[in-house]
Amino acid sequence: MEETGDTTSHAAPHEVEIERERLREIVEGLSEAAGPVDKAIQDIVGLAVAESAFTSFTYSLAVAYSEVEAFTLQELRRKAEDAVEMAETVRISAVNWAGAEHAGTVKAV
């Protein structure tokens with residue numbers, strides 16, 4: 001390891017340094033990121049806009065609103081699923097790195 005002027009150590013070009021604590025923070029952050037998206041989905045679902053409230057002149061707006069709402073919900077659900085999937089992938093990577101380091105450690109027999 002080479003030391004710089006700050007207190008952070010950096011791996012040499014031929015070394016790999018895994019920051020397990022940082023991986024845990026990323027997993028927690030990604031899991032928390034899905035929360036606001038889930039709330040937005042619930043807020044949109046809770047909106048009370050009925051197509052019957054539109055007049056005949058605004059029927060096309062009612063159709064457009066319905067399509068936009070459906071598209072938005074689909075996109076928000078996809079984003080929430082992506083955040084959960086990324087968190088799981090990072091968690092698995094951290095577990096695999098820990099296992100690899102444990103397996104690669106020389107032990108006294």
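Of the 109 residues in the protein chain of this predicted model, 14% count as buried. The accessible surface amounts to about 8,400 Å², and carbon and sulfur atoms contribute 60% of that area. These figures set the scene for a look at how the chain is built and where its buried residues lie.

The chain contains two helices and two strands. Followed along the sequence, these elements appear in the order β-β-α-α. Confidence varies from one element to another: strand β1, at residues 2–3, has the lowest mean pLDDT of the elements, at 46, while helix α2 has the highest, at 86. For the chain as a whole the mean pLDDT is 78, with 81% of the residues reaching 70 or more. Among contacts between residues separated by 6 or more positions, 64% join residues that are 24 or more positions apart.

Helix α1 is a good place to begin a closer tour. This helix runs from residue 20 to residue 45 and so counts 26 residues. From its first C-alpha to its last, α1 reaches 38 Å, close to the 38 Å expected at 1.5 Å a residue. Its buried residues are L23, V27, L30, A34, V37, I41 and I44. Helix α2, which spans residues 59–104, is part of what covers these buried positions.

Several of the buried residues of α1 reappear in the largest nonpolar core, which is made up of six residues: V37, I41, I44, L73, L76 and A80. Helices α1 and α2 are the elements that give two or more residues to this core. Another core, of five residues, lies apart from it and includes V27, L30, A87 and V90. Within the largest core, L76 offers a helpful close-up. Leaving aside residues up to four places away in sequence, L76 touches V37, A40, I41 and I44. Of these partners, V37, I41 and I44 are themselves members of the largest core.

A contrasting picture comes from Q42, which is also found in helix α1. Q42 counts as exposed because its relative accessibility is 54%, and the cut-off for exposed is over 50%. The C-alpha atom of Q42 lies 9.3 Å from that of L73, although the two residues are 31 residues apart along the chain. L73 belongs to the largest nonpolar core. Helix α1 thus carries both buried residues, such as I41, and the exposed residue Q42.

How values were computed:
Residues numbered from 1 in each chain as written. Predicted model: local features only at pLDDT ≥ 70, side-chain atom pairs only at ≥ 80, totals over all residues. Heavy atoms only, no water. Helix = DSSP H or I, 4+ residues; strand = E, 2+ residues; numbered from the N terminus. Expected span 1.5 Å × (residues − 1). Buried < 20%, exposed > 50% of the residue type's maximum accessible area, 1.4 Å probe, protein only. Contact = heavy atoms within 4.5 Å. Core = buried A, V, L, I, M, F, W, Y, C linked by side-chain atoms within 4.5 Å. pLDDT = per-residue confidence, 0-100. Areas by Shrake-Rupley, 256 points an atom, 1.4 Å probe, with all protein chains shown as cover.
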